[in-house]
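This text goes through one protein model and its ligand, part by part. Please keep the sequence and the coordinates open while reading.

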Amino acid sequence: MRKATITGWGSYLPPNVVTNKELEKIVDTTDQWIQKRTGIKKRRIADEDTSTSDLALEASYKALEKANLDPEELDLIIVSTVTPDMVFPATACIIQEKIGANKAAAFDLEAGCSGFVYGLSVGAQFIETGLYNNVLVIGAESLSKITDWDDRNTCVLFGDGAGAAVLQPTEKGGFLSFDLGSDGSGADALYMEAGGSLNPASLETVKNKMHTIRMEGTPVFKFAVKTMKRASLDVLKKAGLTIDDLDLLIPHQANTRIIKSARRKLKLTEEQIYVNLPEVGNTSSASVAIALAEAKEKSMIKNGDRLVMVAFGAGLTWAATVIEWNENI
Ligand code: UT7
């Protein structure tokens with residue numbers, strides 16, 4: 001069976017930087033607390049007129065350019081997001097039109113912060129089965145639009161941004177394995193309550209701030225620490241590899257304490273894990289996509305390298321993949 005590989009990558013962060021010091025003026029917090037408990041120093045926040053599809057578009061142009069692909073050649077666009085432009089139509093369709101991908105199918109996928117890696121797994125399968133040749137997978141978020149700016153437990157954590165990857169067939173290397181999972185018993189640890197069929201928008205839901213992120217940090221933290229290690233080892237095993245075969249781990253960027261714990265448990269060096277959390281905060285499903293593009297731009301990834309991308313998030317969900325990097329198909 002043919003394999004899928006990543007031939008294009010790109011990321012985009014909106015220009016407006018919000019520092020921890022600036023958040024000190026909004027909620028009862030300190031730069032020191034945020035850095036010590038999360039590792040975050042700053043984050044990017046999109047302006048009022050910028051939607052998730054706008055961020056996604058910028059990342060997509062870069063990814064298509066790297067892959068030397070015209071939008072008309074795309075067969076499929078998958079967008080992973082928890083902050084779509086609208087509940088429907090799919091943000092992927094809005095991007096399909098904006099980018100001029102005239103013959104592409106398009107749909108959104110929602111798996112919390114694990115969504116981009118879920119998206120890679122779906123896109124890779126369309127290629128492996130031979131159905132499609134050119135797939136664009138996007139992780140994009142405007143989390144600032146669903147943040148409760150009065151809630152210090154959450155508002156210091158999140159940021160906006162987008163990342164994109166072009167998937168194409170390859171004879172050599174590419175995605176070697178995926179490990180996806182979910183534990184819906186943790187659905188009440190991270191959610192946005194209203195705006196769906198359970199709690200349709202009403203004056204009451206707006207008044208009670210039910211259109212913003214709610215999170216129980218501790219259970220998510222525990223789940224993350226456990227899952228990052230287990231999923232990374234499982235996905236390597238599925239590929240017939242061990243941790244000794246790994247060149248670079250690209251984890252979901254949520255908390256440097258979670259990332260450090262994974263590094264310790266997996267016995268990796270600092271150079272083997274890509275971290276941009278201090279600069280961008282937690283961008284949910286955009287996080288791994290942005291980190292991948294940045295690591296590539298910093299020449300941290302070369303052909304033949306084995307990478308693990310691993311994420312966890314609302315659902316609760318997790319997702320991991322091993323790719324043997326080969327961008328020259
Ligand atoms: O992308 C996936 C989704 N999210 C995550 O991965 C998040 C996972 N969880 C975490 O990263 C951590 O649990 C947090 C960073 C959210 C919280 O850190 P923590 O060390 O678990 O703190 P905590 O929730 O146990 O709170 C400790 C104290 C509390 O005060 P009391 O009750 O001990 O007096 C909080 O009220 O820290 C307080 N606190 C803050 N203080 C200053 C919570 N947020 C803040 C804040 N500034 N921003």
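Helices, like strands, are taken here as DSSP runs, a helix having at least four residues, and are numbered from the N terminus. The model is a predicted one. With that numbering, which helix gives the most to the shell around the ligand? It is H8, with four residues.

The shell can be described further. In total, 21 residues surround the ligand, and the closest are Thr-29, Arg-37, His-252, Asn-255 and Asn-282. Helix H2 (31-38), helix H6 (152-155) and helix H8 (217-238) each supply at least two residues of this shell. Two arginines face oxygen atoms of the ligand: a polar side-chain atom of Arg-152 lies 2.9 Å from one oxygen atom, and for Arg-257 a polar side-chain atom lies 3.0 Å from an oxygen atom. Gly-217 takes part through its backbone, with an N or O atom 3.1 Å from a nitrogen atom of the ligand. The ligand taken alone exposes 950 Å², and the protein buries 72% of that.

Next comes an open sheet. Its five strands follow the order S1-S7-S6-S4-S5, and the pairing is mixed. S1 and strand S5 (105-109) are at the edges with a single partner strand each, so each has one side without a neighbour in the sheet. On average, neighbouring strands of this sheet are turned by 20° against each other, direction ignored. Within the sheet, strand S4 (residues 76-80) and S6 run parallel and are joined by five bridges. One residue to look up is Ser-80, whose bridge partner in S6 is Gly-139.

Two helices can be placed relative to this sheet. Helix H3 (residues 52-67) packs on the sheet and touches S1, S6 and S7, its direction making about 125° with that of S1. H5 lies across S1, S4, S5, S6 and S7, and runs at about 20° to S7.

Helix H11 (residues 287-297) can be taken next. Why is this helix described as largely enclosed by the rest of the structure? The reason is burial: 10 of its 11 residues are buried, where buried means under 20% relative accessible area. The buried residues run through Ser-287, Val-288, Ala-289, Ile-290, Ala-291, Leu-292, Ala-293, Glu-294, Ala-295 and Lys-296. The elements that cover them include strand S1 (3-12), helix H5 (115-128), strand S6 (135-142) and strand S7 (160-170). Strand S11 (248-251) and strand S12 (306-313) are also among the elements covering the buried residues of H11. Just after H11, Ser-299 takes a positive phi of about 60°.

S12 leads on to the remaining strands. Seven of the eight residues of S12 are buried, so this strand, too, is largely enclosed by the rest of the structure. S12 pairs with S11 in the parallel sense over four bridges, and Leu-248 stands opposite Leu-307 in S12. With strand S13 (residues 317-324), S12 pairs in the antiparallel sense over eight bridges. In that pairing Val-308 stands opposite Val-322 in S13. S12 and S13 form a hairpin with three residues between the strands, and in this hairpin Gly-315 takes a positive phi near 145°.

Conventions: Residues numbered from 1 in each chain as written. Predicted model: local features only at pLDDT ≥ 70, side-chain atom pairs only at ≥ 80, totals over all residues. Heavy atoms only, no water. Buried < 20%, exposed > 50% of the residue type's maximum accessible area, 1.4 Å probe, protein only. Contact = heavy atoms within 4.5 Å. Pairing = 2+ DSSP bridges. Axes fitted to C-alpha atoms, helices over the stretch in contact; angles between N-to-C directions. Near = heavy atom within 4 Å. Polar contact = N/O pair within 3.5 Å; in protein donor to acceptor, adjacent residues only side chain to side chain. Areas by Shrake-Rupley, 256 points an atom, 1.4 Å probe, with all protein chains shown as cover.
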